[in-house]
2 protein chains.
Amino acid sequence: MSGNEHNWHRRFRNRGLRFTEPRRMILDVLGGTKEHLSAEDIYVRVHREHPNVGLTTVYRNLDLLERMGIIAKFQFGDGRSRFELVRSAQKPGHHHHLVCTSCKKIIDYDDFVEEEIELLNKVENVLSNRHGFRITGHVIQFYGLCKSCQTNK
Amino acid sequence: MSGNEHNWHRRFRNRGLRFTEPRRMILDVLGGTKEHLSAEDIYVRVHREHPNVGLTTVYRNLDLLERMGIIAKFQFGDGRSRFELVRSAQKPGHHHHLVCTSCKKIIDYDDFVEEEIELLNKVENVLSNRHGFRITGHVIQFYGLCKSCQTNK
DNA sequence: TTCTTAATGGTAATCATTATCAATAAGGAC
DNA sequence: GTCCTTATTGATAATGATTACCATTAAGAA
């Protein structure tokens, strides 16, 4: 834990930024869940421990962390952005979600279907060449009804 | 054109809905472009011809048309939703985009990479089984820098 | 401990989208 | 064509997420 703390600290300092309490808290919250939290979700959890941290600060830092490539931001169509820590194990920029259009539950399925990765690389190449894009990331989202929402219908 | 008009009319009437002027206009606008227009974009274009059509009506009908499966709604991360006519040629629910994170230009590449479709079906099956989801659609978005944004940097 | 300035937090402002509600107009029946 | 029911509209207000402002606070290097 403290080793990580030190890494974070260095990562911020390298850019002339400071590793502050709110930033530590936000990273803690995102690091401790697999959910896709909204800014307000994060605010509530941080605020629970540190009631002096404001919502504005949470927004500001989420934005910063995204620009630093430490977290990723998604829209699942419910009007608010959702955030996820980019874990070093998985390639940054790769995010695969399964979204229930009824209850809004979100499942990550990043960890399987290797073929998918292979195809993605292939498609990335074709698209890069054909359109002159330098591709930095992608999002794959499947929409549908989860099991319980199918029966409760 | 008039044949299409008749089809739309029937499609609405079947649900007890009316085929009104604003609806016709919105479908015209979306049918006449390959861009991914926002609600306001659409409003401006409709309003140009029919200055009496209000923004609320545009929003309301975009929502209706989406629920009818006639148009699709996307978020590309710029804070506003964008809409696209679901052309019958392509399978509904399949939408593949290439988004420039700098100038926000969006390219559809729906019409090639057949392998992709094949893999998607495979993945859909796996996900359906493994998570009990009934999958209704998906979105694939690649992010990157378009050619001109790479050089202007 | 001191000092510079990045960062904070409360409040107001903005922007997209939605709710409200009286007025309007599709389109089937006649 | 006219009438009538009611889906639809449009203006305005309200909401909800996110951002701008700005005086105050606190990292962290010296």
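Chain A contains 6 helices and 6 strands, and, when it is read along the sequence, these elements follow the pattern α-α-β-α-α-β-β-β-β-α-β-α. The structure is a predicted model, and the points below take up the fold of chain A, then the relation between chains A and B, and finally the surfaces near DNA strands C and D.

**The fold of chain A**

- Of the 153 residues in chain A, 22% are buried, and among the contacts in this chain with a separation of 6 or more, 47% are accounted for by residues that lie 24 or more positions apart.
- Chain A holds an open sheet of 3 strands in the order E1-E3-E2, and the pairing in this sheet is antiparallel; its edge strands are E1 (37–38) and E2 (71–75), each of which pairs on one side only.
- Strands of a sheet pair through backbone hydrogen bonds, and they may do so in either a parallel or an antiparallel way.
- Strand E1 of chain A is joined by 2 bridges to strand E3 (residues 81–85) of chain A, and the two run antiparallel; in this pairing, A:Ser38 stands opposite A:Arg82 of E3(A).
- Helix H4 of chain A lies across strands E2 and E3 of that chain, and H4(A) runs at about 110° to E2(A).

**How the two chains are related and where they meet**

- Chain B is superposed on chain A by a rotation of 180° with 0.1 Å of shift along its axis, and the RMSD is 0.1 Å; the two copies are thus related as by a two-fold rotation axis.
- In chain B, the C-alpha nearest this axis belongs to B:Ile140, and it lies 2.3 Å from the axis.
- The contact between the chains takes 32 residues from chain B and 32 residues from chain A, and on the side of chain B that touches chain A, the elements giving two or more residues are helix H5 (114–131), strand E6 (134–145) and helix H6 (147–151) of chain B.
- Strand E6(B) provides the largest share of that side of chain B, with 12 residues, and by class the side comprises 16 nonpolar, 11 polar and 5 charged residues.
- Because 100% of the interface residues of chain B are also interface residues in chain A, the copies meet through the same surface.
- Strand E6 (residues 134–145) of chain A is joined to E6(B) by 11 bridges, and these two strands run antiparallel; within this pairing, A:Phe142 stands opposite B:His138.

**The surface near DNA strand C**

- DNA strand C is surrounded by 28 residues, of which the closest are A:Leu17, A:Pro22, A:Gly54, A:Thr57 and B:Ser81.
- Both chains take part in this surface, since two or more residues each come from helices H2 (21–31) and H4 (55–67) of chain A and from helices H1 (2–13) and H4 (55–67) of chain B.
- Helix H4(A) gives the most to the surface near DNA strand C, with 4 residues, and by class this surface has 7 nonpolar, 13 polar and 8 charged residues.

**The surface near DNA strand D**

- Around DNA strand D there are 28 residues, and those that come nearest are A:Arg18, A:Ser81, B:Leu17, B:Gly54 and B:Thr57.
- At least two residues of this surface are supplied by each of helix H1 (2–13) and helix H4 of chain A, and likewise by each of helix H2 (21–31) and helix H4 of chain B.
- Helix H4(B) gives the most to the surface near DNA strand D, with 4 residues, and this surface has 7 nonpolar, 13 polar and 8 charged residues.

Methods. Residues are numbered from 1 along each chain as its sequence is written. Chains are lettered from A and ligands numbered from 1 in the order in which they are written. This is a predicted model: local features need pLDDT of at least 70, side-chain atom pairs count only at pLDDT 80 or more; totals for chains, interfaces and linings use all residues. A residue is near a molecule or strand if its C-beta atom, placed from the backbone, lies within 6 Å of it. Ala, Val, Leu, Ile, Met, Phe, Trp, Tyr, Cys and Pro count as nonpolar, Asp, Glu, Lys and Arg as charged, and the others, Gly among them, as polar. Copies are superposed by least squares on the C-alpha atoms of residues with pLDDT of at least 70 in both. Two residues are in contact if their C-beta atoms, placed from the backbone, lie within 7 Å. Two strands pair if DSSP finds at least two bridges between them. Axes are lines fitted to C-alpha atoms, for helices over the stretch in contact, and angles run from 0 to 180 degrees between N-to-C directions. A residue is buried if 20 or more other C-beta atoms lie within 10 Å of its own, exposed if 12 or fewer, and partly exposed in between; C-beta atoms are placed from the backbone.
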